[in-house]
Amino acid sequence: MKLNRKAAAVILFVVAGAVKLPLEERFSNKLRASGLLQMPVGMEARESLGQMGFAASLGGLRSLVASITYLQAYSAFEDTDWGKVDSLMTVTTRLQPREVSYWDEASWHQAYNAASSYQRDDKLRAALRSKLYRDHVERGVEILQEGLRFLPDNPKLLIKLGTIYAERLQQPQPRKAAEMFLRAFQNGANNFYERRAAYELFKLNEHETDLQAYEIMKRYYDQGMKMKSSTIMHNLPILEERLGIPPEQRVKAQERDDPLKAPNVQPRLPQS
Amino acid sequence: MSSTLKSSPRKYRAFSPARVWALATNTVTQLVRMKILFLLLLFVVIVVAAAFAFPTRSPEQQLKLLKDVVFGALQVFSIVMAISATALLLPRDVEDRTLYTILSKPVPRHEYLVGKLLGVLLLIGGGLLFMDVFFSGVLWLKQTMITAANIEALKSEQSDTPENIAAVRALIAHQGLTWNLHAGVWCVFLKAAVVASLALLMSCIATSTLFTILVSFCFTIAGQGQGLLRSFVFKSLPVTWKKICSFVLALLLPDLGLFDQVQAVIEGNSIPLATLAETTGFAAAYVVLYAGVAHLIFSEKEL
Amino acid sequence: MIEEKKQSKSESPKAVSVENLTKIFQGAMGRKPLTAVRELSFNVAPGEVYGLIGPNGCGKSTTMKVMLGLLKPTVGSASVFGHDSDAVASRHDVGFLPENPYFYKHLTGRETLRFFGKLCGLGGSELRDRADAMLDLTGLKNAADRRVGGYSKGMLQRIGLAQALIHEPRLLILDEPTAGVDPAGSRRIRDLILELKARGITFVVTSHLLEQMQEVCDRVGIMSQGRMVREGRLEDLISVENQTEIIIEGASAEQLAQVRAIFAGSSGAKIMSLGKPRTTLERLFLETTVQTGDEE
Ligand SMILES: Nc1ncnc2c1ncn2[C@@H]1O[C@H](COP(=O)(O)OP(=O)(O)O)[C@@H](O)[C@H]1O
Ligand SMILES: [Mg+2]
């Protein structure tokens, strides 16, 4: 009797285990597929987290651990310790790769804060300064590209990337910038970014891109007063010129001379 | 001779909800009077600190941080409560011999186990409910404050178009108080319930409180990593000792990682009702399994 | 006397029946198995007070735990009012006071009784009345709303007795009910046993204090190393058949000399002792000390 019950306990345990394993596997795969569960933390982040951090991240405190590494990165940023900012933000994004703001902020630290800080550092030789600037902007681009692998077509990341291509590179890349802005717009960003893409395309001064830019700008122009930003009023006639648009289809001369001050329609999200 | 005795003995029932309830409420009283609820006070302090003491960052970050800290605290508290409450109960009843008096009444042993487990679950459930309500209030307050501050900022920049205000509201609301958060708290409860039943099983095997606590904590941590073990087992590797050990562990342990949908909730995702139901089903199955095995062992135990 | 016992046995079912009980504790991890009880048999008739006597470690508590289903017999069986001790239902008619009883510290005396009452299926006003009656009976009324954690040893024994009685059992099993209790307290417990006995409750009591057992038990069994070595009615066990005790008050020295002279010439009988009778130590203690009255 005594042995029977203990044996029954062991058998029950093993049988239930054998039944539950495939069910657990199936359910957790399903949860991962729907984004409700994350993949385990990768090897690289595991090392930077240390034993405790890794155990905690495994123990259902992943989000909290990410918040802590994020705060650590923020204090490293206040100390302008850029290497540390980068490695801590890398861990943070590894822990929660679906958290947009982590990728956004990680790239912002590198492409803006770190890059500009090196550029202004007059203790460094000029050649070194501009190399460091370039390297950090590129690092920002890398971070965003990686983030886009986890969050494909995320408008916020696309906009950030487009802005870096347009503004932060020593040789700006309007084509890539325009591509990013367009993708952002197609994925839900404000229509300002479609016009922004047109402005970048305009800079390329090629027939193809001129056609694209013209199509966009004309469309907004035709929508009426509100959409006629000063940039559109300035660029449209030039494009008409470049593309040889027939005069009767061109933007009226007096309107061009008297560009209305369009209200700022760029979305103003609260900034930090 | 026996004239003063009532000759009709009460009818005995194999399972009596009243007895289980008596045991459960006694357990709750016991734990409450052991001041285990001071943990709740600590929680309140943590929530308030997380809400108002951190440097001001972007609104999303502020809210996310608050939720991170709160859910972290919820999980730690519920697991600590689940393990320590359970481990304090059964081995202590054996050590103090209070169990003799209880089991010498017409109380079947399984009712004793069910009563204790139910008591611990009631306590954790009540604690989490309180924490949920408190935290929801703080989050709502914080959210309202942030929204107001941001709309104020828009006004000062004279860009408070309805469109912009709506965007701000939507962004903050997404990270703020939603029904999902309660679903997340439910997941925390489910995990704690599984851990409590695991601790109950441990305390039936061992009689010392300390041993129960240590082993339960180890099993809980290993249960969190059960998913890793399992995927290692399912990989087509040559059969090694490591693989056999992993298999045995994966067989024994619950996959506590299943309940970490909490993380997705913090990020603002929502758990579909069907998924929540399935998760609850898994938790119930674990609890029944561990309580059942605990019963098999406890019913044979020499006191 | 043996005739009498047999008669009562046939009249009504035995209150307790232990048959050929052997209990071996399996040694944990390499320790030797320990035989706590060997081939023990005894019966208790309804209404009887049965005492199990023996030195510490002779297996008294183990026997009681088997009777309550807390331990399983290795060989043999125990039953209570015809129910096997293994069955939970058998515990309906039994109240148990364990050795050194210990209750939930966080409950008050009254809450403790109500808790145990609920476990026995009591409820509502019946339970409240029962709990109050038991507090009255055991003299704990004034301490009813204090936490059990602050009770003295004697009070713990009495609350233990009260919880054992809460469901009006027909049989009480008391394991060392007076151990560690001061004489006043143990006298109170003894009186309570006698009172309950008068109401027809059957008792199985253990103690290693013979004097106390002497005052309450109808029959005793003496155990040693897990075995029953003597069993029978108390007077039979302790009276010495061929001796007679004479107690004389106010005798003069001459009278005593005469008594001595009677036996001096006798060939068969002789005086074993002659002196002032001694009261028992317990009695002396009770008469000279003030009651602590720990329930007030
Ligand atoms: N649970 C147990 N495991 C192992 N040995 C035990 C256990 N309970 C009692 N014993 C041993 O059994 C013997 C009898 O104990 P017990 O019945 O308590 O004696 P008594 O009550 O007569 O003093 C003792 O030697 C004791 O050490
Ligand atoms: Mg004993």
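A salt bridge, as I will use the term this morning, is a side-chain nitrogen of Lys or Arg within 4 Å of a carboxyl oxygen of Asp or Glu. With that rule, 1 salt bridge is found across the interface of chain C and chain B, and I will come back to that pair after a few words on the model.

What we are looking at is a predicted model, in which local features need pLDDT of at least 70 and side-chain atom pairs count only at pLDDT 80 or more, while totals for chains, interfaces and linings use all residues. Residues are numbered from 1 along each chain as its sequence is written, chains are lettered from A and ligands numbered from 1 in the order in which they are written, and side-chain values use heavy atoms, with hydrogens and water left out.

Let me begin with the interface of chain C and chain B. Here 44 residues of chain C are in contact with 34 residues of chain B, where contact means heavy atoms within 4.5 Å. The area buried between these two chains is about 3,600 Å², and carbon and sulfur atoms give 57% of it; buried area is the accessible area, taken with a 1.4 Å probe, that two parts lose on being put together, summed over both. Of the area that chain C buries against chain B, 19% is supplied by C:Leu70, C:Tyr104 and C:Leu119, more than by any other three residues.

The salt bridge there is formed by B:Arg33 and C:Glu111, whose closest N and O atoms are 3.0 Å apart. In terms of exposure, B:Arg33 counts as partly exposed at 26% relative accessibility, and C:Glu111 counts as partly exposed at 29%; the scale calls a residue buried under 20% relative accessible area, exposed over 50% and partly exposed in between, with a 1.4 Å probe and protein chains only.

The rule also finds 11 residue pairs in polar contact across this interface, both at pLDDT 80 or more. A polar contact is a pair of N or O atoms within 3.5 Å; within protein, one must be able to donate a hydrogen and the other to accept it, and residues adjacent in sequence count only if both atoms are side-chain atoms. Which element of chain C gives the most to the side that touches chain B? That is helix 3 of chain C, with 5 residues. Helices (H or I, at least four residues) and strands (E, at least two) are DSSP runs, numbered from the N terminus.

Now to the interface of chain A and chain B, where the contact takes 50 residues from chain A and 61 residues from chain B. The area buried between them is about 5,000 Å², of which carbon and sulfur atoms give 64%. The rule finds 4 salt bridges across this interface, and A:Glu24 forms a salt bridge with B:Arg230, the closest N and O atoms being 3.7 Å apart. On the side of chain A that touches chain B, helix 1 of chain A gives the most, with 20 residues.

Another pair between these chains is B:Glu278 and A:Arg26, whose side chains meet in a salt bridge at 3.7 Å, N to O. This pair crosses from helix 12 (residues 273-298) of chain B to helix 1 (residues 2-33) of chain A. B:Glu278 is partly exposed, with a relative accessible area of 22%, whereas A:Arg26 is exposed, at 56%.

Turning to chain C itself, 4 strands form an open sheet in the order 2-1-4-5, with antiparallel pairing. Strand 2 (34-44) and strand 5 (83-84) stand at the edges, each with a single partner strand, so one side of each is left without a neighbour in the sheet. Two strands pair if DSSP finds at least two bridges between them; strand 1 (residues 16-25) and strand 4 (residues 75-80) of chain C are joined by 5 bridges, and C:Val18 stands opposite C:Ala78 in strand 4.

Last, which protein donors does the magnesium ion, ligand 2, have? They are C:Ser61 (OG), C:Glu99 (OE) and C:Glu99 (OE), lying 2.0 to 2.7 Å from the ion. C:Ser61 lies in helix 2 (residues 60-67) and C:Glu99 in the loop between strand 6 (94-97) and helix 3 (109-119) of chain C, so the pair ties together parts that are 38 residues apart in sequence. C:Ser61 counts as buried at 14% relative accessibility, while C:Glu99 counts as partly exposed at 31%. Donors are N, O and S atoms within 2.8 Å of the metal (3.2 Å for Na, K and Ca), and water is not among the atoms, so sites may look incomplete.
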